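Reader: I would like a close look at a single part of this model, beginning with one loop and working outwards to whatever surrounds it. Please be careful to say which chain each statement belongs to.

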Number of protein chains: 2
Amino acid sequence: MAEKSLYDFRVEPQDVDFTLRATIPSLGAAVLNTAGIDAHGKGFGVDALNADNHSWVLSRMALELDSRPGQYTDYTIATWISDYGRVLSTRNFTLTDAAGTEFGRAVTQWAMIDLATRSAVDLSWVGREHAEAIVDVPSPTDRPRKVREVVPTATAEHRVAYSDIDFNRHVNTMRYIEMMFDMLPLELLTGEAPVRLDIHFLHECRYGQTLSVGCELRERAALYEIRADDSTIALRASIEWK
Amino acid sequence: MAEKSLYDFRVEPQDVDFTLRATIPSLGAAVLNTAGIDAHGKGFGVDALNADNHSWVLSRMALELDSRPGQYTDYTIATWISDYGRVLSTRNFTLTDAAGTEFGRAVTQWAMIDLATRSAVDLSWVGREHAEAIVDVPSPTDRPRKVREVVPTATAEHRVAYSDIDFNRHVNTMRYIEMMFDMLPLELLTGEAPVRLDIHFLHECRYGQTLSVGCELRERAALYEIRADDSTIALRASIEWK
């Protein structure tokens with residue numbers, strides 16, 4: 001059995017908003033970056049999978065932040081894989097400050113796709129080949145919740161451009177989060193209330209597509225549905241403030 | 001007299017485009033990040049200046065890249081201040097791969113502003129107080145060039161949102177670069193030709209403003225003029241491929 005892996009980060013000037021605390025997208029980026037580095041270091045990163053024409057794709061993500069660390073603050077992200085199912089593997093994270101206090105956590109679920117067919121492949125072999133990478137510690141919070149129905153009260157359009165896409169030629173996760181956040185009032189974004197974000201990815205979006213970002217703003221929550229070229233649902237998401 | 005300061009970086013998965021090489025905006029971000037870290041470590045970072053209600057503002061930037069490093073490649077940024085004028089200080093950079101080969105360089109010029117009046121203050125005192133921070137090595141390439149006249153062949157609009165702004169509540173430099181790049185054909189962006197970028201900042205743009213990004217595309221160059229709320233010129237820039 002493996003141990004959790006620890007990675008050190010620091011809140012850099014480009015990570016903060018004008019409250020001088022790390023933005024939620026920048027902390028989410030650090031979480032996903034940790035996933036990539038850890039998988040790479042353990043030999044089943046995107047680069048290794050690409051050799052077999054496979055890749056990891058993020059399917060669902062839950063991110064909870066009790067508070068946002070200030071500029072130049074050091075923090076540590078611990079990550080561990082708790083299980084491999086047939087279709088999804090679960091990777092967990094905790095975010096801890098220098099004093100050892102946990103201020104955030106995340107649960108992500110990943111599918112492996114065949115790059116030729118873009119369909120999910122059976123993960124069982126990864127579970128067998130990399131069983132030593134599994135850590136017997138449960139997820140630190142509820143797994144990503146499904147968002148069932150969204151009735152947009154506002155809609156924004158976004159044409160997918162070069163700076164939105166990742167190495168897979170698809171819109172990168174942090175851009176989706178930024179599109180969602182950009183539709184919210186500044187008071188909510190810069191407040192200090194604990195927040196939970198759930199994202200459920202349904203279809204990948206590509207360069208040149210026009211996205212329609214529908215937002216249903218409630219009192220302490222926002223639900224989202226992003227559609228590509230006005231038909232296919234790309235993702236559903238929710239943000240909840242305590 | 002001081003020595004150049006060295007900072008180590010690695011090209012992470014979120015830094016690359018689908019050619020699996022670092023994007024120009026991600027390398028530019030590393031350069032500006034280095035400026036912030038180095039100034040912070042030497043005691044004249046934005047955080048220290050804020051105590052006196054002052055801040056650094058990037059006035060001009062030239063960035064040259066001969067090639068773009070691949071994913072998971074280590075590289076080093078060296079930075080040094082070569083002089084303080086009355087209005088502008090010059091900070092230089094070289095980007096070097098693990099074998100010691102220089103693959104890029106940058107020259108940036110910074111003004112110090114009074115946060116209350118948002119006007120430039122005399123820098124002479126910084127030159128006196130921090131004379132030991134100056135390194136007697138000339139800039140590694142031509143200083144940022146002025147772009148005089150732009151006749152746009154295409155124009156894009158962008159409303160400044162939360163994810164565009166920095167700790168100063170102004171549009172951050174990398175977002176401007178992304179806006180410019182997003183107007184170019186993919187072949188130019190993902191090519192391997194050496195490139196030089198010059199940006200001249202004229203006015204800060206704020207949350208809620210609508211920017212008009214004018215692009216004059218030539219055969220191996222693109223000139224830009226970004227206007228805020230359709231009048232004030234925020235910046236002029238050029239990108240040239242060899």
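Author: In this predicted model, B:Asn53 is found in the loop that lies between α2 and β2 of chain B. B:Asn53 counts as exposed, because it has 11 C-beta neighbours inside 10 Å, and its phi is near 65 degrees, a positive value in a residue other than glycine. Most residues other than glycine have a negative phi.

A second residue of this kind is B:Tyr72, which lies in the loop between β2 and β3 of chain B. B:Tyr72 is not a glycine, yet its phi is positive, at about 65 degrees. Is B:Tyr72 exposed, partly exposed or buried? B:Tyr72 counts as partly exposed, because 17 C-beta neighbours lie inside 10 Å.

The loop between β3 and β4 of chain B holds B:Arg86, and B:Arg86 is exposed, since 10 other C-beta atoms are within 10 Å. If its neighbours within four places in sequence are left aside, B:Arg86 is in contact with B:Asp122, B:Leu123 and B:Ser124. Of these contacts, B:Ser124 is 38 residues away from B:Arg86 along the chain, while the two C-alpha atoms are separated by 5.3 Å.

These loops lead into the sheet of chain B. Ten strands make up an open sheet with antiparallel pairing, in the order β1-β3-β4-β5-β2-β7-β10-β9-β8-β6 (chain B). Its edge strands, which pair on one side only, are β1 (5–10) and β6 (154–159) of chain B. Averaged over the sheet, and with direction ignored, neighbouring strands are turned by 20 degrees against each other. At one edge, β6(B) pairs with strand β8 (residues 210–217) of chain B in the antiparallel sense, over six bridges, and there B:Thr155 stands opposite B:Gly214 in β8(B).

Two helices of chain B pack on this sheet. α1(B) touches β1, β2 (54–65), β3 (74–84), β4 (89–97), β5 (102–114) and β7 (195–201) of chain B, and its direction makes about 55 degrees with that of β3(B). α4(B) touches β2, β6, β8, β9 (221–228) and β10 (232–241) of chain B, with its direction at about 60 degrees to that of β10(B). How many of the nine residues of α4(B) are buried? Eight are, so α4(B) is largely enclosed by the rest of the structure. The buried residues of α4(B) are B:Thr173, B:Met174, B:Arg175, B:Tyr176, B:Ile177, B:Glu178, B:Met179 and B:Met180. What covers them includes α1, β2, β6, β8, β9 and β10 of chain B.

Some of these helices also take part in the contact with the other chain. In that contact, 28 residues of chain B are in contact with 28 residues of chain A. On the side of chain B that touches chain A, the elements giving two or more residues are α1 (24–41), α2 (46–50), α4 (173–181) and α5 (186–190) of chain B, and α1(B) gives the most, with five residues. By class, that side of chain B has 15 nonpolar, seven polar and six charged residues. Of the interface residues of chain B, 100% are also interface residues in chain A, so the copies meet through the same surface.

The relation between the copies can be stated precisely. A turn of 180 degrees, with a shift of 0.0 Å along the axis, lays chain B on chain A with an RMSD of 0.0 Å, which is the relation of a two-fold axis. In chain B, the C-alpha nearest the axis belongs to B:His158 and is 5.2 Å from it.

Chain A offers a further view of the first helix. Helix α1 (residues 24–41) of chain A has 18 residues and reaches 26 Å from its first C-alpha to its last, close to the 26 Å expected at 1.5 Å a residue. α1(A) is mostly covered, with 13 of its 18 residues buried, and it is followed by A:Gly43, whose phi is positive, near 90 degrees. In the strands of chain A, eight bridges join β4 (residues 89–97) to β5 (residues 102–114), and the two run antiparallel. Within that pairing, A:Phe93 has A:Ala106 in β5(A) as its bridge partner. α1(A) packs on the sheet of chain A, where it touches β1, β2 (54–65), β3 (74–84), β4, β5 and β7 (195–201) of chain A.

Terms used:
Residues are numbered from 1 along each chain as its sequence is written. Chains are lettered from A and ligands numbered from 1 in the order in which they are written. This is a predicted model: local features need pLDDT of at least 70, side-chain atom pairs count only at pLDDT 80 or more; totals for chains, interfaces and linings use all residues. Two residues are in contact if their C-beta atoms, placed from the backbone, lie within 7 Å. Helices (H or I, at least four residues) and strands (E, at least two) are DSSP runs, numbered from the N terminus. Ala, Val, Leu, Ile, Met, Phe, Trp, Tyr, Cys and Pro count as nonpolar, Asp, Glu, Lys and Arg as charged, and the others, Gly among them, as polar. Copies are superposed by least squares on the C-alpha atoms of residues with pLDDT of at least 70 in both. The expected span of a helix is 1.5 Å times one less than its number of residues. A residue is buried if 20 or more other C-beta atoms lie within 10 Å of its own, exposed if 12 or fewer, and partly exposed in between; C-beta atoms are placed from the backbone. Two strands pair if DSSP finds at least two bridges between them. Axes are lines fitted to C-alpha atoms, for helices over the stretch in contact, and angles run from 0 to 180 degrees between N-to-C directions.
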